[in-house]
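I opened this entry to keep track of what I looked up in the model. The notes go from the whole chain to single residues.

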Amino acid sequence: MRYERTDGRNAALGGEHFSIVIAADGRLKGFARIDGALVGGQLPTREETQAIAMDFLRDAAPDLLPVLKISWIEPHDEPLRVARNGRAEDLTLTGMKVKMRKYGRWSLDVGHGRGGPQGHGV
């Protein structure tokens, strides 16, 4: 499911959105929060990012905690197109990505951008 701003600003592909991916069995497989307000600023450390990801999963998908293993935690860039002063502008949203795997079969990516949680899953 993809949710875009109700005012239509920066909507459409490449723009701001919040998306979630849910498996047929109801488990969270991924989510993304792509928001222009998160561009810029300082990233959290790997340790802070891991703590944020685990807190998010405790709230959003506690059933996944016992079966996921962290593969890596690294910075990750996402392209973002926004309208500023009546002109389209291409930005880069950088976040810290936590790549997790369930027994090597699928992965859940949870990240923390500059200012709030974000992520992707497969």
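**Entry 1: whole chain.** I take helices as DSSP runs of H or I with at least four residues, and strands as runs of E with at least two, numbered from the N terminus. On that basis I count 1 helix and 7 strands in the protein. Read along the sequence, they follow the pattern β-β-β-α-β-β-β-β. The model is predicted. I looked up the burial next: of the 122 residues, 40% count as buried. The accessible surface comes to about 7,100 Å², and 51% of that belongs to carbon and sulfur atoms. I also checked the contacts between residues at least 6 apart in sequence; 49% of them join residues at least 24 apart.

**Entry 2: confidence.** The mean pLDDT of the protein is 80, and 84% of the residues reach 70 or more. Over residues 115–122 the pLDDT is below 50, although this stretch has 41 contacts in the model beyond near neighbours in sequence. Where pLDDT is low, the predicted coordinates should not be read in detail. I leave that stretch alone in what follows.

**Entry 3: the sheet of β1, β2 and β3.** In which order do the strands of the open sheet of 3 strands lie? I find β1-β2-β3, with antiparallel pairing. β1 and β3 stand at the edges with a single partner strand each, so each has one side without a neighbour in the sheet. Strands of a sheet pair through backbone hydrogen bonds, either parallel or antiparallel.

I then went through the pairs. β1 and β2 run antiparallel and are joined by 2 bridges; Y3 stands opposite F18 in β2. β2 (residues 17–22) pairs with β3 in the antiparallel sense over 6 bridges. In β3, R33 is the bridge partner of F18. β2 and β3 form a hairpin with 5 residues between them, and G26 in the turn has a positive phi of about 90 degrees.

Is β3 largely enclosed or largely open? I note that 5 of the 7 residues of β3 (residues 28–34) are buried, so the strand is largely enclosed by the rest of the structure.

**Entry 4: E16.** I located E16 in the loop between β1 (2–3) and β2. Is E16 buried or exposed? Its relative accessibility is 4%, under the 20% cut-off, so E16 counts as buried. I looked for polar partners of the E16 side chain. One is the side chain of R5, in a polar contact at 3.4 Å. The backbone nitrogen of G36 lies 2.6 Å from a polar atom of the E16 side chain. Leaving out residues up to four places away in sequence, I find that E16 touches R2, E4, R5, R9, N10, A11, I34, D35, G36, A37 and L80.

**Entry 5: nonpolar cores.** Which residues touch the most other members of the largest nonpolar core? Of its 13 residues, they are L57, L64 and M100. The elements that give two or more residues to this core are α1 (46–60), β4 (68–84) and β5 (87–102). There is also a second, separate core of 7 residues, which includes A32, I34, L80 and V82. I had already listed I34 and L80 among the residues that E16 touches.

**Entry 6: β4 and β5.** These two strands pair in the antiparallel sense over 16 bridges. As one position in the pairing, I noted that E78 stands opposite L93 in β5. The hairpin of β4 and β5 has 2 residues between the strands. N85 is found in that loop, and I read a positive phi of about 55 degrees for N85 although it is not a glycine. Most residues other than glycine have a negative phi, and most peptide bonds are trans. At 82% relative accessibility, over the 50% cut-off, N85 counts as exposed.

**Entry 7: T92.** I looked up T92 last; T92 lies in strand β5. With a relative accessible area of 43%, T92 is partly exposed. Not counting residues up to four places away in sequence, T92 touches V39, D77 and E78. How many residues separate T92 and L38 in sequence, and what is their distance in space? They are 54 residues apart in sequence and 9.8 Å apart in space, C-alpha to C-alpha.

Methods
Residues numbered from 1 in each chain as written. Heavy atoms only, no water. Buried < 20%, exposed > 50% of the residue type's maximum accessible area, 1.4 Å probe, protein only. Pairing = 2+ DSSP bridges. Polar contact = N/O pair within 3.5 Å; in protein donor to acceptor, adjacent residues only side chain to side chain. Contact = heavy atoms within 4.5 Å. Areas by Shrake-Rupley, 256 points an atom, 1.4 Å probe, with all protein chains shown as cover. Core = buried A, V, L, I, M, F, W, Y, C linked by side-chain atoms within 4.5 Å. pLDDT = per-residue confidence, 0-100.
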